[in-house]
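Student: I should like a close look at one part of this model, followed by an account of the contacts that hold the rest of the chain together. Please give the reasoning as well as the values.

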Amino acid sequence: MGEQDILKTELRWAAIAVAAVALIVAVIVISSVTRMLQPPSHIETIDPAGLHVSGEFIESNLGTTQNPDGSITVRVIATQFAFVPHCLAVPVQQAVTLRVTSPDVIHGFLVAGTNVNTMVVPGYISQIHTVFRNAGNYLMPCHEFCGLGHSEMWSIVHVLSRSEWHPDVNGRVSCETRR
Ligand code: CUA
């Protein structure tokens, strides 16, 4: 095998490596543009020890709120081994902001069949903007191993049609009050 043959082989492998990288970059770009699959870039901190005592994530403030300006905010706590609240009610075809945090360990937050997918890290608020395209029930499992009860940690998202969407006087909507 001469010097030229070795050079040819090396160039061929280099071309394969470059093609593999180009393919990976293309998949990232195409999925982020067409499927809106992007890593969360929101950085906001919160004291994980005081979640239940005061502030945005006290129990009475969890769940879905239609704000005075009409925007929708959903607040969720991911804790070993449950999401609070256990069921989320959101409107179809409307911008929804999800805000999630954890008082204990790292959890995963994913709504099957949508672009909602993030990690929930204690000390940080994970925020996701999304639009649920179709009404129906969606499974929301924890997808980050968080302890022995990890497999039991899941919720349901009810995506409600316009006729099912009835905020109360405070703008609150829950799975129980949806009719
Ligand atoms: Cu929470 Cu796995």
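Tutor: A patch, as the word is used here, is made of residues with over 30% relative accessible area and no salt bridge, nonpolar side chains being joined within 5 Å. The model is a predicted one, and the chain averages a pLDDT of 90, with 97% of the residues scoring at least 70. Among the elements of the chain, the lowest mean pLDDT, 90, belongs to strand E11 (residues 172–173), and the highest, 95, to strand E2 (residues 72–79).

The part to examine closely is helix H1, which runs over residues 3–34. Its 32 residues should span 46 Å at 1.5 Å a residue, and because the C-alpha atoms at its two ends are 46 Å apart, the model agrees with that expectation. H1 is hardly covered, for the count of buried residues among its 32 residues is two. The nonpolar patch belongs to this discussion: Val-21, Val-25, Val-29 and Val-33 form it on the surface, and together they present about 350 Å² of accessible area. An α-helix has 3.6 residues a turn, so residues three or four places apart point the same way. Val-33 has its place in helix H1, and because its relative accessible area is 59%, over the 50% that marks exposure, Val-33 counts as exposed. After H1 comes Met-36, whose phi is positive, near 55°.

The loop between H1 and strand E1 (63–66) leads to the charged contacts. The structure holds three salt bridges. In one of them the side chains of Glu-44 and Arg-99 meet, with 2.8 Å from N to O. This pair links distant parts of the chain, since Glu-44 sits in the loop between H1 and E1 and Arg-99 in strand E5 (residues 95–101), 55 residues apart. Glu-44 is partly exposed, with a relative accessible area of 24%, whereas Arg-99 is buried at 9%.

Glu-56 takes part in two further contacts. With Arg-75 it forms a salt bridge whose closest N and O atoms are 2.5 Å apart. Glu-56 lies in the loop between H1 and E1 and Arg-75 in strand E2, so this pair ties together parts that are 19 residues apart in sequence. Glu-56 also forms a salt bridge with Arg-99, where the closest N and O atoms are 2.6 Å apart. Because Arg-99 lies in strand E5, that pair ties the loop to a part 43 residues away in sequence. Salt bridges that share partners thus join Glu-44, Glu-56, Arg-75 and Arg-99 into one network. Within this network, Glu-56 is partly exposed, with a relative accessible area of 22%, and Arg-75 is buried, with 14%.

A covalent link remains to be described. A search of the whole structure finds one disulfide, which joins Cys-87 to Cys-175 with an S to S distance of 1.9 Å. The link of Cys-87 and Cys-175 is left-handed, with -80° about the S-S bond. Cys-87 lies in strand E4 (residues 87–91) and Cys-175 in the segment after E11, so the pair ties together parts that are 88 residues apart in sequence. Cys-87 counts as buried at 18% relative accessibility, and Cys-175 is buried with a relative accessible area of 11%. Two further cysteines may be noted: Cys-142 counts as buried at 6% relative accessibility, and Cys-146 is buried with a relative accessible area of 6%.

How values were computed:
Residues are numbered from 1 along each chain as its sequence is written. This is a predicted model: local features need pLDDT of at least 70, side-chain atom pairs count only at pLDDT 80 or more; totals for chains, interfaces and linings use all residues. Side-chain values use heavy atoms; hydrogens and water are left out. pLDDT is the predictor's confidence in each residue, from 0 to 100. Helices (H or I, at least four residues) and strands (E, at least two) are DSSP runs, numbered from the N terminus. The expected span of a helix is 1.5 Å times one less than its number of residues. Buried means under 20% relative accessible area, exposed over 50%, partly exposed in between (1.4 Å probe, protein chains only). Patches are made of residues with over 30% relative accessible area and no salt bridge: like charges are joined within 9 Å, nonpolar side chains (Val, Leu, Ile, Met, Phe, Trp, Tyr) within 5 Å. Accessible areas come from the Shrake-Rupley method with a 1.4 Å probe; for residues, only the protein chains shown count as cover. A salt bridge is a side-chain nitrogen of Lys or Arg within 4 Å of a carboxyl oxygen of Asp or Glu. A disulfide is a pair of cysteine sulfur atoms within 2.5 Å.
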